[in-house]
Amino acid sequence: MAATQQYAYPDRDEIRIEAVLAALADPVRLDMVRQLADAGSEISCSGFDVAVTKSTLTHHLRTLREAGIIMGRQQGTARYNSLRRNDLDELFPGLLQGVLAARR
């Protein structure tokens with residue numbers, strides 16, 4: 001069985017609204033968050049439907065993770081990402097729901 005490695009992301013009390021809003025301001029990252037919310041579970045890095053290069057996808061994932069929007073883990077050669085919906089809803093009630101409901 002392959003070991004699972006967690007990727008660093010801020011603790012809930014370290015998440016700042018400025019970082020969250022800045023990360024969500026990018027259309028590609030917002031689309032990735034929508035995909036995670038729609039999936040309701042983890043998505044592997046290769047499972048995102050975005051028209052960017054692998055290195056750009058990695059940048060977007062890192063930005064979302066460092067802002068506290070997602071958390072990631074690696075299992076074997078695959079990296080999985082999940083939305084930190086509970087943390088975001090606790091800190092910023094209604095924010096994520098409003099962002100996800102906004103017209104595309």
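**Exercise 1. Place Leu21 in the chain and decide whether it is buried, partly exposed or exposed.**

Step 1. Leu21 lies in helix H1, which covers residues 17-24; helices (H or I, at least four residues) and strands (E, at least two) are DSSP runs, numbered from the N terminus. The model is a predicted one, in which local features need pLDDT of at least 70 and side-chain atom pairs count only at pLDDT 80 or more, while totals for chains, interfaces and linings use all residues. Residues are numbered from 1 along each chain as its sequence is written, and side-chain values use heavy atoms, with hydrogens and water left out.

Step 2. The relative accessible area of Leu21 is 43%, so Leu21 is partly exposed, given that buried means under 20% relative accessible area, exposed over 50%, and partly exposed in between (1.4 Å probe, protein chains only).

Step 3. To relate Leu21 to another part of the chain, take Lys54, which is 33 residues away in sequence and whose C-alpha atom is separated from that of Leu21 by 24 Å.

**Exercise 2. Describe how H1 packs against helix H3.**

Step 1. The axes of H1 and H3 (residues 54-67) are 8 Å apart and the angle is about 155°; axes are lines fitted to C-alpha atoms, for helices over the stretch in contact, and angles run from 0 to 180 degrees between N-to-C directions.

Step 2. Because of this angle, H1 is roughly antiparallel to H3, where angles under 35 degrees count as roughly parallel, over 145 as roughly antiparallel, 65 to 115 as roughly perpendicular and the rest as oblique.

Step 3. On the side of H1, Ala19, Val20 and Ala23 make the contact, and on the side of H3, Thr63, Leu64 and Ala67 do, with contact meaning heavy atoms within 4.5 Å.

Step 4. Sorted by class, this contact of H1 with H3 has five nonpolar residues, one polar and no charged ones; Ala, Val, Leu, Ile, Met, Phe, Trp, Tyr, Cys and Pro count as nonpolar, Asp, Glu, Lys and Arg as charged, and the others, Gly among them, as polar.

**Exercise 3. Work out how H2 and H3 are oriented, and which residues meet.**

Step 1. The axes of H2 and H3 come within 10 Å and cross at roughly 70°, and the two helices are therefore roughly perpendicular to each other.

Step 2. From H2, the residues Val28, Arg29, Met32 and Val33 meet Leu57, His59, His60, Leu61, Thr63 and Leu64 of H3. The contact of H2 with H3 divides into six nonpolar, three polar and one charged residue.

Step 3. H2 spans residues 27-39 and includes Ala39, which is partly exposed because its relative accessibility is 41%. Ala39 and Leu83 stand 44 residues apart in sequence, and their C-alpha atoms are 9.8 Å apart in space.

**Exercise 4. Describe the surroundings of Arg73 and Ser82, one residue in each of two strands.**

Step 1. Arg73 belongs to strand E3 (residues 70-75), and with a relative accessible area of 18% Arg73 is buried.

Step 2. The side chain of Arg73 makes polar contacts with the side chain of Glu42 at 2.7 Å and with the side chain of Gln75 at 2.6 Å. A polar contact is a pair of N or O atoms within 3.5 Å; within protein, one must be able to donate a hydrogen and the other to accept it, and residues adjacent in sequence count only if both atoms are side-chain atoms.

Step 3. Ser82 sits in strand E4 (residues 78-83) and is buried, at a relative accessible area of 16%. Leaving aside neighbours within four places in sequence, Ser82 is in contact with Leu36, Glu42, Ile69, Ile70 and Met71.
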